Amino acid sequence: MRTVVSSPTGPLLQDFPEPSPGSDDVLVRVRAGALNRADLLMLTGGAHGPFGGVGMPLGLEWAGEVVEIGAAVKKWRVGDRVMGAGFGAFSDYVISDWQRIYAMPVGLSFEQAATLPVALQTMHDALVTNGLLQPGQSVLIQGASSGVGLMGLQMAKFLGPGWSSGPPPRRSGACAWQISAPTWPSTPAPPTGWNRSTRPRVAKAWTCSSTSSPAP
């Protein structure tokens, strides 16, 4: 199969043996792979967690169709449209443990679905599994102008807290959105406590709020 691998001079397209699924694995024909910032760091052999190194397949998330399942796999069938995060996404085929993939939402293209697994897993783990976010609570999301942060804002709105905050598009400071408002996320609350004419030489974080204060 074809796969994109790292090298000291950048990514290379090479031939690799097609993988075979173990008893708990699923073999997926990749139809689309997403590019993350971590992928850019790995192009010349950098590592991202346990993945990476010179000559290793690249790509961290993908979407495609199940073409083979292991003997112990009961949930998935050949032909299922799935998405997932894992090693070697920029290949014709990937192997994944059956518990680490998800059914593609109805109506999404492979290209759209491939952009979801990393951000969804990361923010669900942060907000739900560890954060135990509940309706009416507030949440601070740092870096809410990139993929994972933007997913966090959308997930927070779905979960129902009253306020969420992160940097505005030009990253000039911190900004809050009343994410229960119908106009969210197009309209951040007006800034308070910040004045361009008296801004110190070393900028300090500033916040946005509405006429009512965010919940503690």
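These legends go with a set of close-up views of a predicted model.

**Figure 1. The whole chain, before zooming in.**
This predicted model packs four helices and 14 strands into the protein chain. Of its 216 residues, 36% count as buried. The accessible surface adds up to about 12,400 Å², with 57% of that belonging to carbon and sulfur atoms. If you like contact statistics, take the contacts between residues at least 6 apart in sequence: 61% of them join residues at least 24 apart.

**Figure 2. A look into the largest pocket.**
Here we have about 640 Å³ of space, with 28 residues making up the lining. Nearest the centre of this pocket sit Asn 36, His 48, Leu 60, Val 118 and Thr 122. Several elements chip in with two or more lining residues: the helices α1 (37-42), α3 (117-130) and α4 (147-159), plus the strands β6 (61-69) and β8 (93-97). Sorted by class, the lining of the largest pocket comes out as 15 nonpolar, nine polar and four charged residues.

**Figure 3. The second largest pocket and its lining.**
This pocket has a volume of about 150 Å³. Its lining includes Met 1 and Thr 3, along with Phe 16, Pro 17 and Pro 19. Pro 57 lines it too, as do Phe 87, Gly 88 and Ser 91. Tyr 93, Val 94 and Ile 95 are also among the lining residues, and β8 provides the largest share of the lining, three residues. By class, the lining of the second largest pocket has nine nonpolar and three polar residues, and no charged ones.

**Figure 4. The hairpin of β1 and β2.**
Strand β1 (residues 2-5) runs antiparallel to strand β2 (residues 12-15), and the two pair over four bridges. Thr 3 stands opposite Gln 14 in β2; Thr 3 also shows up in the lining of the second largest pocket. Six residues lie between the strands of this hairpin, where Gly 10 takes a positive phi near 125 degrees.

**Figure 5. Thr 44 and the residues it touches.**
Thr 44 sits in the loop between α1 and β4 (47-48). Is this residue buried, exposed or partly exposed? Thr 44 counts as partly exposed, because its relative accessibility is 46%. Setting aside residues up to four places away in sequence, Thr 44 touches Ser 6, Ser 7, Pro 8, Thr 9, Gly 10 and Val 54. One of these, Gly 10, is the residue with the positive phi in the hairpin of β1 and β2. Gly 55 is 11 residues along the chain from Thr 44, and their C-alpha atoms are separated by 8.8 Å.

**Figure 6. Ile 101, a buried strand residue.**
Ile 101 belongs to strand β9 (residues 101-103). Its relative accessible area is 2%, so Ile 101 is buried. Leaving out neighbours within four places in sequence, Ile 101 is in contact with Val 26, Trp 62, Trp 76, Val 82, Met 83 and Ser 96. For a distance to check in your viewer, try Ile 101 to Trp 76: they are 25 residues apart in sequence, and 9.6 Å apart C-alpha to C-alpha.

**Figure 7. Leu 132 and its backbone angle.**
Leu 132 is in the loop between α3 and β10 (138-140). Phi of Leu 132 is near 50 degrees, a positive value in a residue other than glycine. Leu 132 counts as exposed, because its relative accessibility is 54%.

Key. Residues numbered from 1 in each chain as written. Predicted model: local features only at pLDDT ≥ 70, side-chain atom pairs only at ≥ 80, totals over all residues. Heavy atoms only, no water. 1 Å grid on protein atoms, 1.4 Å probe; cavity = no way out; pocket = protein on both sides within 12 Å on 5 of 7 lines; lining within 4 Å. Points joined across faces, edges and corners; volume = space filled by probe spheres on them. Nonpolar A, V, L, I, M, F, W, Y, C, P; charged D, E, K, R; others polar. Pairing = 2+ DSSP bridges. Buried < 20%, exposed > 50% of the residue type's maximum accessible area, 1.4 Å probe, protein only. Contact = heavy atoms within 4.5 Å. Areas by Shrake-Rupley, 256 points an atom, 1.4 Å probe, with all protein chains shown as cover.
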